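Let's go through the two ligand sites by asking what backs up each claim. Have a look at the model, then we'll start.

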Amino acid sequence: MAEPLGVAVIGCGTVGTGVVKILTEQSGRLEQRSGRSIQLRRVVVRDPAKARGVTLPSGILGTDVAAAVRDPSVHVVIELMGGTTTAKQVVLDALSAGKHVITANKALLADAGAEVFAAARAAERAVCFEAAVAGGVPIIRALAESLTANQVTSIQAILNGTSNFILTAMADGGRSYAEALVEAQKLGYAEADPTLDVDGSDAAHKLAVLAQIAFGVAARPHEIERQGIDHIEAMDIRFAGELGYTIKLLAEAWASPAAGRNSTVALHVAPVMVRKTDMLAQVRGAYNAIQVIGDVVGETLYQGPGAGMMPTASSVVADLIDLAVGRAQKSFAAAKLWSGADRGFSIEPSEKVRSRFYLRLLVRDQPGVLADVCRALADEHISISSVIQHEAREDHPDQLVPLVIMTHYAATGHFRAAVKMIDTHPALGGKAVSYPVDD
Ligand code: NAP
Ligand code: HSE
């Protein structure tokens with residue numbers, strides 16, 4: 001049997017605790033699947049006095065990251081501390097010390113993927129990151145290995161468990177945004193800074209990782225347009241429901257033309273109105289789902305728990321087993337990720353992406369308002385599909401009433417130009433609210 005594989009886990013919070021649990025409670029299973037023993041040799045945290053909810057072998061818990069990374073009995077460093085500064089240094093130090101690295105840190109990959117992967121190639125070591133996107137859903141392997149006969153033409157995905165949990169709780173459970181966010185944090189779904197979850201950043205980081213694998217583009221975080229769920233109002237969730245839709249935070253990549261030289265890909269994250277009958281609309285709670293269309297296979301869907309301790313740990317440990325048997329090293333070398341290899345795609349803004357749109361205004365019920373709004377849309381060649389306006393009360397003629405407009409397909413750029421114009425109308429009480437409609 002091959003020599004035991006020594007492991008250091010850097011960070012023992014939500015995900016690290018799950019990984020330690022599997023390593024300590026399922027060692028027989030891991031040895032059987034790996035053909036060698038996997039031994040936890042170091043666990044590093046900030047505060048060793050904190051209760052961990054897992055029994056650690058004695059003498060392995062510490063606070064010295066450098067000592068763990070340099071330890072000659074450690075062959076794999078699992079970075080589960082999060083963040084992009086210290087974590088990056090830990091990963092680079094581990095690689096230069098000759099260790100393979102596993103990370104769940106999508107922010108780090110989106111921010112410094114090129115630097116980290118170049119360091120790994122220079123050190124002839126592998127970086128594995130199945131847990132970085134969609135928690136327990138094996139989407140990295142699906143894209144990087146199982147779909148390699150295809151050119152991916154589009155990705156539509158629910159990639160942030162916290163946002164999906166909050167939207168589900170608001171739509172179905174009648175809970176407030178704030179209550180649902182606190183619950184998502186208690187359940188271990190949210191990032192240390194939950195702003196990243198609710199403002200669309202976390203989904204954008206994950207989309208950047210998927211876009212690197214699917215299109216070979218190294219999207220910098222600022223190149224992905226993003227809108228989160230932090231400004232969604234209960235009124236729009238209600239209107240969406242009345243119209244037969246549910247609002248989901250989607251991360252999307254649209255290639256155009258689908259394949260070939262000089263192709264472009266538009267990347268964005270936004271709340272989207274999805275038909276209640278659509279598969280993505282059925283994805284509830286902290287679950288994630290990724291719909292990938294490939295030019296050979298057609299439409300495929302991957303779904304499962306997208307956040308939380310054990311689902312994420314499941315993906316981390318799968319990477320560890322792949323390293324133990326030697327598969328991960330081969331896949332890493334073959335994928336050539338963040339290597340600068342040109343696959344013919346460049347990133348373009350979403351202006352040209354065509355969609356239907358939901359537009360909700362709060363307006364004073366005065367003559368000509370609806371006509372002005374319709375004219376602004378018409379000036380941008382946007383055709384209206386339906387209009388809903390609730391009546392103001394007779395005794396409150398100045399009351400603001402919601403005006404909901406559904407459009408036919410239009411280019412995003414034209415729609416944005418129309419909304420900019422509508423926002424200047426004096427009869428509006430606040431800015432227009434709009435979401436793309438997925439039909
Ligand atoms: P977490 O619960 O906040 O845990 C972070 C751990 O890192 C803690 O144990 C902390 O120590 C330790 N740590 C932080 N800075 C450190 C430092 N400078 N030196 C030593 N230890 C340090 O985070 P998490 O939710 O497990 O997330 C970890 C990573 O996985 C992040 O990159 C996250 O994006 C990613 N991820 C999370 C999930 C999820 O569902 N939570 C899913 C997929 C990916 P103390 O415990 O002593 O404070
Ligand atoms: N905070 C992330 C989420 C964890 O809610 O999806 C999984 O990456």
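Q: What makes the pair between Asp197 and a nitrogen atom of ligand 2 a polar contact?
A: This is a predicted model, so every value here is computed from it. A polar side-chain atom of Asp197 lies 2.7 Å from a nitrogen atom of ligand 2. The cut-off for a pair of N or O atoms is 3.5 Å, so the pair counts.

Q: How do you know how much of ligand 2 the protein covers?
A: Take ligand 2 on its own and it has 250 Å² of accessible area, of which the protein covers 94%.

Q: Which other side chains make polar contacts with an oxygen atom of ligand 2?
A: Thr162 has a polar side-chain atom 2.6 Å from an oxygen atom of ligand 2. For Asn160 the distance is 3.4 Å, again from a polar side-chain atom to an oxygen atom. The limit is 3.5 Å, so the Asn160 pair still counts.

Q: Which residues come nearest to ligand 2?
A: Of the 13 residues around ligand 2, those are Lys106, Gly161, Thr162, Tyr189 and Asp197. By class, that shell splits into 4 nonpolar, 4 polar and 5 charged residues.

Q: What makes Glu191 a polar partner of ligand 1?
A: An N or O atom in the Glu191 side chain is 2.6 Å from an oxygen atom of ligand 1. Set against the 3.5 Å cut-off, that is a polar contact.

Q: How much of ligand 1 does the protein bury?
A: Ligand 1 taken alone exposes 900 Å², and the protein buries 87% of that.

Q: What do the backbones of Cys12 and Val15 add?
A: A backbone N or O atom of Cys12 lies 2.9 Å from an oxygen atom of ligand 1. Val15 has a polar backbone atom 2.9 Å from an oxygen atom of ligand 1.

Q: Why is ligand 1 said to lie between domain 1 and domain 2?
A: Because domain 1 (5-132) and domain 2 (139-305 + 340-350) both give residues to the shell around ligand 1. Of the 23 residues in that shell, Asp47, Lys50, Arg52, Glu191 and Gly308 come nearest.

Q: What kind of space does ligand 1 take?
A: The largest pocket. Ligand 2 sits in the largest pocket too.

Definitions and conventions: Residues numbered from 1 in each chain as written. Chains lettered and ligands numbered in written order. Predicted model: local features only at pLDDT ≥ 70, side-chain atom pairs only at ≥ 80, totals over all residues. Heavy atoms only, no water. Near = heavy atom within 4 Å. Polar contact = N/O pair within 3.5 Å; in protein donor to acceptor, adjacent residues only side chain to side chain. Areas by Shrake-Rupley, 256 points an atom, 1.4 Å probe, with all protein chains shown as cover. 1 Å grid on protein atoms, 1.4 Å probe; cavity = no way out; pocket = protein on both sides within 12 Å on 5 of 7 lines; lining within 4 Å. Sits in = over half its atoms within 2 Å of the grid points. Domains from an automatic or database assignment. Nonpolar A, V, L, I, M, F, W, Y, C, P; charged D, E, K, R; others polar.
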